[in-house]
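Let's take a friendly walk through this model together. Have the sequence and the 3D view ready.

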Amino acid sequence: MSKRIHVVPHGDGWAARREGATRFVTTHTTQAAATAAARTTAIRERGEVIIHRPNGQIRNANSYGNDPYPPKG
């Protein structure tokens with residue numbers, strides 16, 4: 001099971017979904033609420049949250065735990 005959780009548009013609201021999964025982890029009315037729920041799960045599982053824009057583009061990504069690709073410099 002992937003430790004990447006995507007925050008994506010879903011109907012009139014937002015949802016958190018594991019990468020590769022067909023079902024949503026949670027659904028919310030706001031992007032902020034979906035992001036907070038995804039972040040809680042990612043911290044617990046030492047994973048990553050990938051936040052998308054309403055058009056589907058990636059807006060931001062945050063790792064919690066051991067980052068396999070730490071920033072250089």
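## A loop proline

Where is Pro 54 found? Pro 54 lies in the loop between β4 and β5 (58-63). Keep in mind that this is a predicted model. Is Pro 54 buried or exposed? Pro 54 has a relative accessible area of 66%, so it is exposed.

Setting aside neighbours within four places in sequence, Pro 54 is in contact with Pro 9 and Trp 14. You can also look across to Gln 31: the C-alpha atoms of Pro 54 and Gln 31 are 9.3 Å apart in space, while the two residues are 23 residues apart in sequence.

## The sheet

How are the strands ordered? The 5 strands make an open sheet with mixed pairing, and the order is β3-β2-β1-β4-β5. At the edges sit β3 and β5, each of which pairs on one side only. Direction ignored, neighbouring strands of the sheet are turned by 20° against each other on average.

Towards one edge, β2 and β3 run antiparallel and are joined by 3 bridges. Trp 14, a contact of Pro 54, stands opposite His 28 in β3.

## The nonpolar core

Which residues make up the largest nonpolar core? There are 10 residues in all: Ile 5, Val 7, Trp 14, Ala 16, Ala 34, Ala 38, Ala 42, Val 49, Ile 51 and Tyr 64. At least two residues of this core come from each of β1 (4-10), β2 (13-18), α1 (31-45) and β4 (48-52). The most generous of these is α1, which gives 3 residues. As general background, nonpolar side chains tend to be buried together in soluble globular proteins.

Ile 5 is a good place to zoom in. Apart from neighbours within four places in sequence, Ile 5 is in contact with Ala 16, Arg 17, Arg 18, Ala 38, Thr 41, Ala 42, Glu 48, Val 49 and Ile 50. Among these contacts, Ala 16, Ala 38, Ala 42 and Val 49 are also listed in the core.

## Salt bridges

How many salt bridges are there? The count comes to 4. Side chains of opposite charge can pair when their charged atoms come close. One of the bridges joins Glu 19 and Arg 4, with the closest N and O atoms 3.6 Å apart. This pair links distant parts of the chain, 15 residues apart: Glu 19 is in the loop between β2 and β3 (26-28), and Arg 4 is in strand β1. Glu 19 has a relative accessible area of 35%, so it counts as partly exposed, and Arg 4, at 33%, is partly exposed as well. Arg 4 and Glu 19 also belong to a network of salt bridges with Glu 48, a residue that is in contact with Ile 5.

Another bridge is formed by Arg 18 and Glu 45, whose closest N and O atoms are 2.9 Å apart. Here too, distant parts of the chain are linked: Arg 18 in strand β2 and Glu 45 in helix α1 are 27 residues apart. Is Arg 18 buried or exposed? With a relative accessible area of 14%, Arg 18 is buried, whereas Glu 45 is partly exposed at 24% relative accessibility. Glu 45 also meets Arg 44 in a salt bridge, at 3.9 Å from N to O. Arg 44 is exposed, with 57% relative accessibility.

Conventions:
Residues are numbered from 1 along each chain as its sequence is written. This is a predicted model: local features need pLDDT of at least 70, side-chain atom pairs count only at pLDDT 80 or more; totals for chains, interfaces and linings use all residues. Side-chain values use heavy atoms; hydrogens and water are left out. A nonpolar core is a set of buried Ala, Val, Leu, Ile, Met, Phe, Trp, Tyr and Cys residues joined through side-chain atoms within 4.5 Å. Buried means under 20% relative accessible area, exposed over 50%, partly exposed in between (1.4 Å probe, protein chains only). Helices (H or I, at least four residues) and strands (E, at least two) are DSSP runs, numbered from the N terminus. Contact means heavy atoms within 4.5 Å. A salt bridge is a side-chain nitrogen of Lys or Arg within 4 Å of a carboxyl oxygen of Asp or Glu. Two strands pair if DSSP finds at least two bridges between them. Axes are lines fitted to C-alpha atoms, for helices over the stretch in contact, and angles run from 0 to 180 degrees between N-to-C directions.
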